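Me: Please take a close look at one part of this protein for me: the salt bridges that share partners. Set the scene with the whole chain, then add other local features that deserve a look.

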Amino acid sequence: MELLAKQQQQQQQHHHQHHHSDAGFSSKGGESMDFDKELALSLSDRLKVFKTSNFEPESYVIDKCRGMSEKEIRYLYSYLLDLKKASAEEMRKSVYANYAAFIRTAREISDLEGQLLSLRNFLSTQAALVHSLADGTRLESLYTEHERSMGDTLNLEDRELSETEKWLEKYIEHLEVLLAERRIDEALNAFEEGERAAKEAERKQTLSNSAILSLRSTIKGQRQRVADQLAHSACQASTGRFELRSSVQALKQLGDGPRAHSLLLNSHQHKLQYNMQGLRPSGSVYGAAYTAALSQLVFSTIAQAASDSLAVFGDEPAYTSELVTWAVKQTELFSLLVKRHVLASSAAAGSLRIVAECVQICMGHCSMLEARGLSLSPVLLKLFRPCVEQALSANLKRIEHCTAALAAADDWSLSYPPVATRPLGSSSLGSVIASQPKLSSSAHRFNSLVQEICEDIGSLESLQYADSALEGVLQVFNSYINMLVNALPASVDTENLEGSGTKLVRMAETESQQIALLANAMLLAEELLPRAASKLSSANQANRIDQSRIDATPRRTSDRQNRAPEQRELKKRLQRLVDRLRDGFCRQHALEIIFSEDGGVRLGSEMYTSLDGSTEPEWFPSSVYQDLYEKLTLIACIASEVFVGRERFATMLLMRLTETVILWLSDDQNFWEAIETGPRPLGPQGLQQFYLDMEFVILFASQGRYMSRNLQQVIKNIIARAIEAVAASGTDPYSVLPEEDWFAEVAQIAIKTLTGKANFGGDDDAPISPTAVVTENQFPQAE
């Protein structure tokens, strides 16, 4: 037999070595080939060699590395590292894949432990009965055999057993009374007293084994009875909170903590479901009221459950984990109810205020649990976020449609908003009106809707929707700017957008109405929309709470110091949209000046080339530039009344309109080709008229304080180009041009004439007439 065993052992070792040589890659010739074969295998096949029961690491390494070179060892080392990483990844995936099964198994093990405890109690009872029967039989046999010789001793023992039985009978009767009267605390003390008595009797041997086993069996049976009573009491809906906590505490003391904690949570859940039956999302209890009542009920129940769990079980990880899981489940069920009965319909209708109010109520109640270590806000945010997104999108569309409907009937007259929409408070009416600029009806409605949506989103700081809301505001403002651009008569943008689905809008026929368009855009971009965007930030929201206690000057200083880069970037983006409307305004009026009503070009080369060879002209700025001056004067007068306190915008508008006309002249290739290389090039008189027109533009732009460096440089360039054109024809341009003072004087007289301030009487101090200027100077040559 020993020989046969040795042979079998040798065969197993031989088979093991052969398996190692086949599983790994050989280092003796062809090792790279075997290594490549192993790399081609799957991870499970490559790990088989390590899963065998007789795997020996030392023999495996010696077998692999015997006769290997340094390069081969490094190759093997890299291979083993890759195998280690793959194995770790496999283990991680296995753990994540079986995590739910692990939790379920743990719970089943906990239940199994309780069942084993009951089974152990049952077996102990059975063993006690068996021992009791055996002792009784033995005592009866001994009494029959030694009746006479041991009579005195048996009488003494009978007397002692009788006293024990009396004590046991009295103890059991007392225990039955305690259980019948549900005096749980006294019953628990009685159990401890019985256990101590059994240990004391066992130590001193004052009771027989059968009596001790019978006592312990009785105690265990009654413990189970008490546990069942406590569990039944905890499941009743009429059980009060104090009674519930006492029952759970007692059940834990009986040694069944997992069951006690589950009963505690289930009891709170049953009470929650019972109380929720009285809340119906119908009639007056709807929307925010229903959400507030339901939210308070759910989160107060979770808070009570957490308080009871902490008071009875402390911060033991197993019970804490079960509490958190239960709280998350209740929060999810609550969120689904609110979403189904309130948020879904409100979000679809675009009622962002209702959605925001309900979400804020829920988040407020939920935040009160954070002090107890329960952070349930992510659960609410995950389920409420789609509703808020839907409500925000629908609200932005509502703003766009409502504003478009008002723009179709807007008369573009500026006025203050209705007094009912302006909160007076302790401020004077004048200060309130000053803080509310004059807008047209569509702009007022647009501003009020945007302020509301930003205020609603600003109340939901935890959702982090500021960026999305800000992008939405920019989008609807861009749509409103498009409508204002379409309101400009003969706008190029309007022509390009025809047939593209743009909404109808009432035309702004007069200059006052067109300036109102610019006032709407400018005031919204520079003041009102940034004010709305400030409601999206928590810092500004906190500042608004204490705004009544801060005077005007410190508030302005604080606003300048706390102006975030995001605010500056927002104003840049808004300003670019306003510039598009301003450029459309300037382009329209420039085209009205440059082209005639029948489509002819008023600002062409013929107005200068036709002067030479004709009679002596009356030197005065060309009609095109006279119209430009009158247009700019009219716009400046209207803008001075509209943009009170915002003169810079009016200046930029006039500057941009002047630049538009001059830049068009500078870039008109037909104009310069006709002057430079045409059949009738620019002559001396045409050059003088061109020079006078440019000096006229420089003069009224300088007096109006809207002369820009760019405009001045462009005028100098085109004057120089005209002079070069005359010089190219063989004529000295400086010999035909009068002095600079002459152009300035004629331009000044033209401005006074156009404004009605010229005096052509006989007064020596009055400005001379243009004809007199020409006669007296006779165009003196420049030195």
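Reply: The secondary structure of this chain is made of 33 helices and zero strands. The model is a predicted one. The chain has 783 residues, and 38% of them count as buried. Its accessible surface is about 44000 Å², with 52% of that belonging to carbon and sulfur atoms. Among contacts with a separation of 6 or more, 77% join residues 24 or more positions apart.

Now the salt bridges. The structure holds 12 of them. Start with D583 and R656. Their closest N and O atoms are 3.2 Å apart. D583 sits in helix 24 (residues 565-594) and R656 in helix 27 (residues 647-667), so this salt bridge ties together parts that are 73 residues apart in sequence. D583 has 22% relative accessibility, so it counts as partly exposed. R656 is also partly exposed, at 29%.

R656 has another partner, E659. Their side chains meet in a salt bridge with an N to O distance of 3.8 Å. Here both residues belong to helix 27. They are three residues apart, about one turn of the helix. E659 is at 9% relative accessibility, which means that it counts as buried. The picture widens from there. Salt bridges with shared partners join D579, R582, D583, R656 and E659 into one network.

Another salt bridge lies outside that group of residues. The side chains of E511 and K631 meet at 3.2 Å, N to O. This pair links distant parts of the chain, 120 residues apart. E511 belongs to helix 21 (residues 511-533), while K631 belongs to helix 26 (residues 623-642). Both E511 and K631 are buried.

Next, the surface patches. One is negative in charge: E739, E740, D741 and E745 gather there. E740 lies in helix 32, which covers residues 740-755. At 44% relative accessibility, E740 is partly exposed. A nonpolar patch is formed by L112, L116, L119, F122 and L123. Together these residues have about 480 Å² of accessible area. L116 belongs to helix 7 (residues 99-145). Its relative accessible area is 47%, so L116 counts as partly exposed. Patch residues need over 30% relative accessible area, and L116 passes at 47%.

Now the backbone. Most residues other than glycine have a negative phi. W412 has a positive value, near 60°. It lies in the loop between helix 16 (377-407) and helix 17 (429-435). W412 is buried, with a relative accessible area of 2%. R705 also has a positive phi, near 65°. Its loop runs between helix 29 (684-703) and helix 30 (709-728). R705 has 73% relative accessibility and counts as exposed. So W412 is buried, whereas R705 is exposed.

Last, a serine. S346 lies in helix 14 (residues 317-348). It has 8% relative accessibility, so it counts as buried. Leaving aside residues up to four places away in sequence, S346 touches S351, I354 and V355.

Back to the part you asked about. R656 pairs with D583 and with E659. D583 lies in helix 24, while E659 shares helix 27 with R656. D579 and R582 belong to the network as well.

Methods. Residues numbered from 1 in each chain as written. Predicted model: local features only at pLDDT ≥ 70, side-chain atom pairs only at ≥ 80, totals over all residues. Heavy atoms only, no water. Patch = residues over 30% accessible without salt bridge, like charges linked within 9 Å, V, L, I, M, F, W, Y side chains within 5 Å. Areas by Shrake-Rupley, 256 points an atom, 1.4 Å probe, with all protein chains shown as cover. Salt bridge = Lys/Arg side-chain N within 4 Å of Asp/Glu carboxyl O. Helix = DSSP H or I, 4+ residues; strand = E, 2+ residues; numbered from the N terminus. Buried < 20%, exposed > 50% of the residue type's maximum accessible area, 1.4 Å probe, protein only. Lys, Arg positive; Asp, Glu negative; His and termini not counted. Charge placed at Lys NZ, Arg CZ, Asp CG, Glu CD. Contact = heavy atoms within 4.5 Å.
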